[in-house]
Amino acid sequence: MKLAVFGATGGIGQEIVRQALDAGHQVTAVVRNPAGLTVTGEALEVFRADLTDPRAVRPAVAGREVVLSALGARSRKDAGVATRLTRTVLRAMEAEGTRRLLVVSAAPVGPEPKDDGPLDRVARRVVSAVLKDTYADLLEMEAELARSATDWTVVRPPRLQNRPLTGRYRTVVGGFPAKGRFVSRADVAHAMLAMADDPRTVKQGIGVAY
């Protein structure tokens, strides 16, 4: 497939690029600073763009079958960036007629697992309170997706870890795996690529965790 990847210099983004190239896909990595991308490959195009301008982004999504985004706040001070940058991607995609989009959100934005115990529920609420601005940003980003003309999928991981790819994780369409506390960035990337051509995930939030 021909893929465009936003947030390609981040932990999940670099894993998406690396795994997509290993799988034989053609990848356009959209970045603000090419020096931050450590992945290389013959099927990789590095596209430098101002992510505040949809017109600058349009060539990166034109003719692509799937767009994957790992854009988001790097710290609590960046709250609001996920919505702003995703809005740019959406406008560019709609202008080019590119429809398939997968984005990273977070587990606390989605529904609580019904089978979680009291400690899991308390921990979830504490984290949500501490990061309320970040999660409010992700909630608004998801609302932007729902209003768009794209065939979107939102992937909602819990606490992220820098661990190797396992390919062994649980996913729940429209919910979240019970007692799912962690997942690696590599496995989030793997899940997103697996969902790229899965019609069951279109216009759905997907919980992913170990």
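Reader: Which side chains does the polar contact of 2.7 Å join?

Author: In this predicted model, that contact links the side chains of S148 and T150. S148 sits in the loop between α5 and β6 (151-156).

Reader: Is S148 buried or exposed there?

Author: Buried means under 20% relative accessible area. S148 has 11%, so S148 counts as buried. Leaving aside residues up to four places away in sequence, S148 touches L90 and E94.

Reader: Let's step back into the helix before that loop. How many residues does α5 have, and how far does α5 reach?

Author: Helix α5 covers residues 132-147, which makes 16 residues. From first C-alpha to last, α5 reaches 23 Å, close to the 22 Å expected at 1.5 Å a residue.

Reader: How should I read the pattern of buried residues along a helix like this?

Author: Start with the general idea: an α-helix has 3.6 residues a turn, so residues three or four places apart point the same way. Now the case here: the buried residues of α5 are T134, Y135, D137, L138, M141, E142, E144 and L145. Viewed down the axis of α5, these fall within an arc of 165°, so they line one face of the helix.

Reader: And which exposed residues does the face turned away from the buried side carry?

Author: That face of α5 carries K132, A146 and R147.

Reader: E144 caught my eye in the buried list. What is its relative accessibility, and what does E144 touch?

Author: E144 is at 9% relative accessibility, under the 20% cut-off, so E144 counts as buried. Not counting residues up to four places away in sequence, E144 touches T83, R87, L90 and R91. With R87 there is also a polar contact between the two side chains, at 3.0 Å.

Reader: Now the sheet, please. What is the order of its strands?

Author: To read a sheet, follow the strands across from one edge to the other. Here the sheet is open and has eight strands, in the order β3-β2-β1-β4-β5-β6-β10-β8, with mixed pairing. The edge strands, β3 (44-48) and β8 (170-173), each pair on one side only. On average, neighbouring strands are turned by 20° against each other, direction ignored.

Reader: How many bridges join β1 to β2?

Author: Five bridges join β1 (residues 2-6) to β2 (residues 26-31), and the two strands run parallel. One bridge partner to look up is V30 in β2, which matches F6.

Reader: Which strands does helix α3 touch where it packs on the sheet?

Author: Helix α3 (residues 81-96) touches β1, β4 (66-69) and β5 (100-104), and the direction of α3 makes about 175° with that of β5.

Terms used
Residues numbered from 1 in each chain as written. Predicted model: local features only at pLDDT ≥ 70, side-chain atom pairs only at ≥ 80, totals over all residues. Heavy atoms only, no water. Helix = DSSP H or I, 4+ residues; strand = E, 2+ residues; numbered from the N terminus. Expected span 1.5 Å × (residues − 1). Buried < 20%, exposed > 50% of the residue type's maximum accessible area, 1.4 Å probe, protein only. Arc of directions from axis to C-beta. Polar contact = N/O pair within 3.5 Å; in protein donor to acceptor, adjacent residues only side chain to side chain. Contact = heavy atoms within 4.5 Å. Pairing = 2+ DSSP bridges. Axes fitted to C-alpha atoms, helices over the stretch in contact; angles between N-to-C directions.
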